[in-house]
Amino acid sequence: MSQTLLLSDLHLSKHTPDFNHILQDNLSKWAIEYDALYLLGDIFDIWLGDDIVEEYAANIIDALQNFSKQKPLYFMHGNRDFLIGQHFLKLAGATLLEDPHLTKIYDQFYILSHGDLLCTDDIEYQKFRTKTRSTKWQNNILKKPKWYRKILAKSIRNFSSIKGKTRQQIKISDATEIGIQELKNRFAKFPEADIIHGHTHRPQIHMETFNLKQAAYPFSLYVLPDWRPNICGGLSINEDNQVKYINFKKISVEKM
Ligand SMILES: [Mn+2]
């Protein structure tokens, strides 16, 4: 049966060799099993420019390139890897998607988003996001030396790390109904479109609860899982429009 795979929030780095191998090993299988792969942001824990590519990242790029030679690969920026640029995309063979992006997978419309846009209660973060997504700001940063950009990495991480945050601060890092309503309004011509996003690390399938006031149609909202020990997964959509969570990491008996 035809199926498509969507992943986000892998947060890969040189400190996650297990996850890196799971991705690399699976990519060659996925090229056979899936029609396409969507990477919806924060694939890397941090990305400071295409001119700073560590060995672990080069290996991942190779595996992505191998996939994209066989099947379409789509890529959307997250709040950690938004400095991924044209050089990376070309090497990986990935097509960049704007956030948000409306697409049709088999017979169903989906609005795809990383998800940080939806966290409208986090006003400080939204200001930071607007600033750091401007071409002018990015061009300026990419001219700075590596040591400078490594300092910047700290503030990028701080905005989305729950470490040292209060319960209230953690709460404002979730998608809000206002954010979801705004997203639906942007694609008002497609009221039946479902939403798929990541970022919040709160994997869940919301259905009836998101029958919003101004939405002409009920729709489903799928939150992608982040990768953590024993859960390295994503969402698959099959040609019958069935969406399901999948886990690529076999859970060993001892750890269950
Ligand atoms: Mn994120």
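The lining of the second largest pocket comprises 8 nonpolar, 6 polar and 5 charged residues. This is a predicted model. The pocket comes first below, then the metal site and the strands.

**Pocket**

The second largest pocket has a volume of about 460 Å³. It is lined by 19 residues, and H77, F82, L96, R133 and Q138 are the closest to its centre. Two helices, helix 3 (86-92) and helix 5 (135-142), each supply at least two residues of this lining. Helix 5 gives the most, with 4 residues.

**Metal site**

A manganese ion is held by four residues: D42, N79, H114 and H199. Their donor atoms sit at 2.0 to 2.2 Å from the metal. Along the chain, the donors follow the spacing D-x36-N-x34-H-x84-H. D42 is in the loop between strand 2 (37-39) and helix 2 (55-68), while H114 is in the loop between strand 6 (108-113) and helix 4 (123-132), so this pair ties together parts that are 72 residues apart in sequence. Both D42 and H114 are buried.

F159 belongs to helix 6 (residues 146-160). Its C-alpha atom is separated by 9.0 Å from that of N79, although the two residues are 80 residues apart along the chain. F159 counts as partly exposed because its relative accessibility is 27%, and the class runs from 20% to 50%.

**Strands**

Strand 7 covers residues 194-197. D194 and I196 point one way from this strand, and I195 and H197 point the other way. In a regular strand, side chains alternate between the two faces of the sheet. Here D194, I195, I196 and H197 are all buried.

Strand 7 pairs with strand 6 and with strand 9, as the table sets out.

| Strand pair | Sense | Bridges | A bridge or facing pair |
|---|---|---|---|
| Strand 6 and strand 7 | parallel | 4 bridges | S113 and H197 |
| Strand 7 and strand 9 (residues 221-223) | parallel | 3 bridges | I195 and L221 |

H197 in strand 7 is the bridge partner of S113. On the strand 9 side, I195 stands opposite L221. H197 and I195 point the same way from strand 7, and both are buried.

Strand 6 also has a link to the metal site. The loop that holds H114 lies between strand 6 and helix 4, and H114 coordinates the manganese ion through NE2. The other histidine donor, H199, uses ND1. D42 contributes OD, and N79 contributes OD1.

Terms used. Residues numbered from 1 in each chain as written. Predicted model: local features only at pLDDT ≥ 70, side-chain atom pairs only at ≥ 80, totals over all residues. Heavy atoms only, no water. Donors = N, O, S within 2.8 Å, 3.2 Å for Na, K, Ca; no water. Buried < 20%, exposed > 50% of the residue type's maximum accessible area, 1.4 Å probe, protein only. Pairing = 2+ DSSP bridges. 1 Å grid on protein atoms, 1.4 Å probe; cavity = no way out; pocket = protein on both sides within 12 Å on 5 of 7 lines; lining within 4 Å. Points joined across faces, edges and corners; volume = space filled by probe spheres on them. Nonpolar A, V, L, I, M, F, W, Y, C, P; charged D, E, K, R; others polar.
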